[in-house]
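Here is my note on the chain, point by point. Please read it with the structure open beside you.

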Amino acid sequence: DLVDLVLKMKAIQTITMQPEFNPLIVGFKRAHRLIEKEQWDRKPVEVALFQEAAESALHQTVQNSHEEYSAAMAGGNYAHALDVLVRMKGPIDDFFNAVMVNADDPAVRGNRLSLLKGVDDLFRDVANGEPLDSTSERLPEQSEAQAAAELRAKKVRRFASGISVVMMVLCNAVFLFGIWVTGVNFERLVRTPDRYDSKQDICLRLAYQRIPGADNPVQFCSEWLNLADETGKTHTFQKDTEIKQGADGKFYFDYGPFVDYRLFAVGAFVVGIIVCGIRVTRYVVNRYRMRLEAAARHSVSTH
């Protein structure tokens, strides 16, 4: 029936445009290759031989889907029939993720292959015995590899995000530990000169210092109370402060450079932590990517 064939082809073409189709075909091809490659005595599927929940779930899905699929095909509702197949993607993926088909027990192995044969029969029926993907412009052989590569890339991105968070926490911990060990006080990295102000301070002790060019020692306050300081601590004249005579003949305090040069050491320490964190993250992510690729190659050679 030409009209029936056209309807079926249109339904197949529509279903292949769905994003779930290519990943679904990956699972179908895997099942198809296994049953073509392996030798076993096909028998009805025995529920008692199931060892994983994914086997039971796939078996139930195949039975339910076969009934719904057959009814839709008999009524000429090809779009619904193909939609039934698309909904099998989850159980098929779960089966291959949880079950090793080539089990050591021959009975368990044969039962699993018989289960996959039911999946293969269901998929090939819609295309009159041909693989489903061959009926719609022959999907490229590399579609399976592309889907697998996309899945690996997604896993790598997720792993990289997790590692980045871990490294951020670890780098912060190392940074805080380094600050604690060195005893660096950030409040004093950029210091403000502590000077006596006669308007708001109370001088407790006077001192004298001989200044080159002055006839007599210069008197200054060496210890005082700052009324604006709530701690009530005594402030003292900083040892590295010098008294110099200006061009106008008056005397001034020379506090030297205000910046604590340990700030540069702290900056270099932070940069070192960031660089090491980036390198470690790249190394770990690359190792994880290589493990996934090696596992994928091993899976292809095993199955």
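1. **A cut-off to begin with.** Buried means under 20% relative accessible area, exposed means over 50%, and partly exposed is the range in between. D93 has 23% relative accessibility, so D93 counts as partly exposed. Please keep in mind that this is a predicted model.

2. **Overall build.** The chain has 8 helices and 5 strands. From the N terminus, the order of elements is α-α-α-α-α-α-α-β-β-β-β-β-α. The chain has 303 residues, and 34% of them count as buried. Take the contacts in the chain with a separation of 6 or more: residues 24 or more positions apart account for 66% of these. The exposed area of the chain is about 19,500 Å². Carbon and sulfur atoms supply 57% of that area.

3. **Salt bridges, in general.** How many salt bridges does the structure hold? The count is 7. Side chains of opposite charge can pair when their charged atoms come close. The next three points take up individual pairs.

4. **R109 and E38.** The side chains of R109 and E38 form a salt bridge, at 2.8 Å from N to O. R109 sits in helix 6 (residues 106–125), while E38 sits in the loop between helix 2 (21–37) and helix 3 (53–74), so the pair ties together parts that are 71 residues apart in sequence. Are these two partners buried or exposed? R109 is buried, with a relative accessible area of 18%. E38 is buried too, at 14%.

5. **K89 and D93.** K89 forms a salt bridge with D93, and their closest N and O atoms are 2.7 Å apart. Both residues belong to helix 5 (residues 89–98). They are 4 residues apart there, so about one helical turn separates them. K89 has 22% relative accessibility and therefore counts as partly exposed. D93, at 23%, also counts as partly exposed.

6. **K117 and D121.** A salt bridge joins K117 to D121, with 2.4 Å between the closest N and O atoms. Both residues lie in helix 6, 4 residues apart, about one turn of the helix. Which residues make up the network that includes this pair? Salt bridges that share partners join R42, K117 and D121 into one network. D121 counts as partly exposed, because its relative accessibility is 30%.

7. **The loop between helix 2 and helix 3.** D41 lies in this loop. With 58% relative accessibility, D41 counts as exposed. D41 and S114 are 73 residues apart in sequence, yet their C-alpha atoms are 8.6 Å apart in space.

8. **I25 in helix 2.** I25 has its place in helix 2. At 1% relative accessibility, I25 counts as buried. Now set I25 against K89, the salt-bridge partner of D93. I25 and K89 are 64 residues apart along the chain, and 8.7 Å separates their C-alpha atoms.

9. **The positive patch.** K154, K155, R157 and R158 form a positive surface patch. Where does R158 lie? R158 is in helix 7, which covers residues 142–182. R158 counts as exposed, because its relative accessibility is 52% and exposed means over 50%.

10. **The nonpolar patch.** L170, V174 and F269 make a nonpolar surface patch of about 240 Å². L170 lies in helix 7, as does R158 of the positive patch. L170 has 45% relative accessibility, so L170 counts as partly exposed.

11. **A look at strand 2.** F220 lies in strand 2 (residues 218–226). Is F220 buried or exposed? F220 is buried, because its relative accessible area is 9% and buried means under 20%. F220 and A207 are 13 residues apart along the chain, and their C-alpha atoms are separated by 5.5 Å.

Note on methods
Residues numbered from 1 in each chain as written. Predicted model: local features only at pLDDT ≥ 70, side-chain atom pairs only at ≥ 80, totals over all residues. Heavy atoms only, no water. Patch = residues over 30% accessible without salt bridge, like charges linked within 9 Å, V, L, I, M, F, W, Y side chains within 5 Å. Areas by Shrake-Rupley, 256 points an atom, 1.4 Å probe, with all protein chains shown as cover. Salt bridge = Lys/Arg side-chain N within 4 Å of Asp/Glu carboxyl O. Lys, Arg positive; Asp, Glu negative; His and termini not counted. Charge placed at Lys NZ, Arg CZ, Asp CG, Glu CD. Helix = DSSP H or I, 4+ residues; strand = E, 2+ residues; numbered from the N terminus. Buried < 20%, exposed > 50% of the residue type's maximum accessible area, 1.4 Å probe, protein only. Contact = heavy atoms within 4.5 Å.
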